[in-house]
Amino acid sequence: MTDDTTRSAELREAVEAGFPAAVADLTRLVRIPSVSWDGFDHSHVQRSAEAVAELARDTGVFESVEIVRTRIPGKDEDGQPAVLATRAARGGRPTVLLYAHHDVQPPGDDADWETKPYEPTLKGEDRIAGRGAADDKAGVTAHIAAIRALVAAGIDPQVGIVLYAEGEEEFGSRSLPTFLERFHDRIAADVIVVADGGNWDIDTPAINVALRGMVAFNLRITTLGHAVHSGMFGGAIPDAMLAATKLLATLWDEDGSVAVEGLRSHDAPTPDYDEAKLREESGLPDHTSPIGRGEILSREWFQPSITVTGIDAPSVLNASNTLIPSVRVRIAARVAPGQDAHEFERILREHLVANAPFGAKLDFDPDIDLGQAFLAPVDGWAVEAEQAALREAWDGVEPVLMGSGGSIPFTADLVRHFPDAQILITGVEDPDSRAHSPNESVHLPSLKRAILAEAFMLAKLDARTIES
């Protein structure tokens, strides 16, 4: 056998032997409710960071492992704890930055879960359910397990390795700009692997080469100084819910497409994907029609979208016969590649102000989450190496270069700070992972293949000098 064939076989054996430990690591992390949002107990985020730091130290690879916090720009407070582990390159080898995040989305209503959100549970024969099981504690696990496999296969890494496990990606990466400034030299890399994406399906690997950006903010809509009797005044004066529904309805056309003038789309081809596939992967019921126009994947990857993700108003249980004076809504929008997120936010805000009905007063919360869209070049040597690693790990299946409707604000910041680095977005999610939703889960065979692919990629980088 050739040296490459021998090394490939040794890495396969190492990943196979180490996979039970990787699954144990993942379940341990999922049990920690590390929600980074305001209103949740952030001691769990600290505990999650400590667990990740311990895993990094136990690899025996890193020269430095620390938990760091950096200041949120414009605020007198630090962000959530991140883990930074580093090992310097040797012998002219490149440096790779391995990114994932250990914080998670809020679980939502426990009643919507088939299992307890923070009690990792085997579903069927090959999925583990739990909040963060896919997004993105599987990404953390994949990085750690791939490094372990490298060592177990007898490779003393010459490639430089930086592990960055962020602690607030799900809450807008608010302290990330400060982190990048403070640790710029320590995290500078030739290749950046962002393990927060997904595959085409459980049988087909992918590299995510396009991401939509994001704009999210809270808006209060007020029509009255106080609540009044709905029988005495209903029909004569506007309540805030009436104003809110009329205002929000101006955001979309009749077919559900975004109707805000000035919000742009990106023109690019997409793979074949029909309505039947959409219904299968999303669970869209037969009685509900899709929205938007154009190719389905274009709507998801390359067109803007606007969603109302929350409303603060009296609950049905507490409803009284009054006209509501004020309601608060959460608007979360996705920005098509090619449009600046700041421009998008300005246009959306101007549209809302211009269309406020009945003279309703609009108050925008000062905290706005912004993330730029991302388009990756697909012709670099690192992309070719990653494609080869994925192809080998998936037993010859050709990887798909795909877009994603989701957002990873970190990537655009990386492009700005490290313009010469090649950025690869990979991951273990599949269409049934249900990231951000109840019953989130990870497909264990996909996780194993992701670990193997990353081990192959690290080995390829370890054999390469920067000049080659």
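User: Before we start, how are helix angles sorted into classes?

Analyst: Angles under 35 degrees count as roughly parallel, over 145 as roughly antiparallel, 65 to 115 as roughly perpendicular, and the rest as oblique. This is a predicted model, where local features need pLDDT of at least 70, side-chain atom pairs count only at pLDDT 80 or more, and totals for chains, interfaces and linings use all residues. Residues are numbered from 1 along each chain as its sequence is written, and side-chain values use heavy atoms, leaving out hydrogens and water.

User: Thanks! Why are helix 11 and helix 13 called oblique to each other?

Analyst: Helix 11 (residues 381–393) and helix 13 (residues 444–462) pack at about 135 degrees, with axes 8 Å apart. That angle falls in none of the named ranges, so the pair is oblique. The crossing is right-handed.

User: What makes up the contact of helix 11 with helix 13, by residue class?

Analyst: Contact means heavy atoms within 4.5 Å. Trp 381 and Leu 390 are among the helix 11 residues that meet helix 13, whose residues there include Phe 456 and Met 457. The contact residues divide into 12 nonpolar, no polar and 4 charged (Ala, Val, Leu, Ile, Met, Phe, Trp, Tyr, Cys and Pro count as nonpolar; Asp, Glu, Lys and Arg as charged; the others, Gly among them, as polar).

User: Why is helix 13 described as largely enclosed?

Analyst: Buried means under 20% relative accessible area, exposed over 50%, partly exposed in between (1.4 Å probe, protein chains only). In helix 13, 15 of the 19 residues are buried, so the rest of the structure largely encloses this helix.

Notes. Axes are lines fitted to C-alpha atoms, for helices over the stretch in contact, and angles run from 0 to 180 degrees between N-to-C directions. Helices (H or I, at least four residues) and strands (E, at least two) are DSSP runs, numbered from the N terminus. A crossing is left-handed if the near helix is turned anticlockwise from the far one by less than a right angle, and right-handed if clockwise.
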